[in-house]
Amino acid sequence: MSNWNAEKYLKSVSSPNISLEEEKELFKIIKDEDSLDFEKDDAVEKICRSHIRFVSQMANYYCKRCPVDMEDMIGVGVIGIMTAIEKFEISKNCKFTTYCGYWIKLEMIKHIQESCPVTIPSSVHDGLIKI
């Protein structure tokens, strides 16, 4: 195991939580075809940074149960956030944290399954995680 310090990393990349109104405004910028690329990139980065602690909590949950590195799990969790940002629809009246939790979990479980040296069915793997 490396001497990677998760707490130090999280302090350097995370930002304070954003309000629901601010989150909606950021998604309007992302979904607006007239927005400039750098505006969209800034909005995506702000959303990602505000949810990095949520990713770390989920990564910590899985790292305690499976032999995977915390930094790898945080990395795939960020990929989950990026997927959620692409697919999120403001009009559905759902909180983004709830929505992105699904995608983060999906990416993390997929990473755990791919990193296992033995291939096992996902239904069996899900049962092992619950134990």
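## A tour of the charged side chains

Begin by selecting Glu-39, which is found in helix 3. This is a predicted model, and every stop below concerns charged residues in it. With a relative accessibility of 35%, Glu-39 counts as partly exposed.

**Stop 1: the negative patch.** Keep Glu-39 selected and add Asp-32, Glu-33, Asp-34, Asp-37, Asp-41 and Asp-42. Together with Glu-39, these residues gather on the surface as a patch of negative charge. Colouring the selection by charge should help in following the patch.

**Stop 2: the salt bridges.** How many salt bridges does the structure hold? The count is 4. Three stops follow, each on one pair.

**Stop 3: Glu-22 and Lys-46.** Select Glu-22 and Lys-46, and show their side chains. The two form a salt bridge, and their closest N and O atoms are 2.6 Å apart. Which parts of the structure does this pair tie together? Glu-22 lies in helix 2 (residues 20-31) and Lys-46 in helix 3 (residues 37-50), so the salt bridge ties together parts that are 24 residues apart in sequence. Show both helices as ribbons to see where the pair sits. Glu-22 is partly exposed, at a relative accessible area of 28%. Lys-46 is also partly exposed, and its relative accessible area is 36%.

**Stop 4: Lys-28 and Glu-25.** Stay on helix 2 and select Lys-28 and Glu-25. These residues form a salt bridge as well, with 3.8 Å between the closest N and O atoms. A salt bridge here requires the nitrogen to be within 4 Å of the carboxyl oxygen, so this pair at 3.8 Å is counted. Lys-28 and Glu-25 are 3 residues apart in helix 2, which means that about one helical turn separates them. The relative accessible area of Lys-28 is 48%, which makes Lys-28 partly exposed. Glu-25 is partly exposed too, with 45% relative accessibility.

**Stop 5: Glu-45 and Arg-49.** Return to helix 3 and select Glu-45 and Arg-49. Their side chains meet in a salt bridge, at 2.9 Å from N to O. How far apart are Glu-45 and Arg-49 in helix 3? They are 4 residues apart, so they are separated by about one helical turn. Glu-45 has a relative accessible area of 39% and is partly exposed. Arg-49, at 31% relative accessibility, counts as partly exposed.

**Last view.** To finish, show the three pairs with the patch. The pair Glu-22 and Lys-46 links helix 2 to helix 3, Lys-28 and Glu-25 both belong to helix 2, and Glu-45 and Arg-49 both belong to helix 3.

Conventions:
Residues numbered from 1 in each chain as written. Predicted model: local features only at pLDDT ≥ 70, side-chain atom pairs only at ≥ 80, totals over all residues. Heavy atoms only, no water. Helix = DSSP H or I, 4+ residues; strand = E, 2+ residues; numbered from the N terminus. Buried < 20%, exposed > 50% of the residue type's maximum accessible area, 1.4 Å probe, protein only. Patch = residues over 30% accessible without salt bridge, like charges linked within 9 Å, V, L, I, M, F, W, Y side chains within 5 Å. Areas by Shrake-Rupley, 256 points an atom, 1.4 Å probe, with all protein chains shown as cover. Lys, Arg positive; Asp, Glu negative; His and termini not counted. Charge placed at Lys NZ, Arg CZ, Asp CG, Glu CD.
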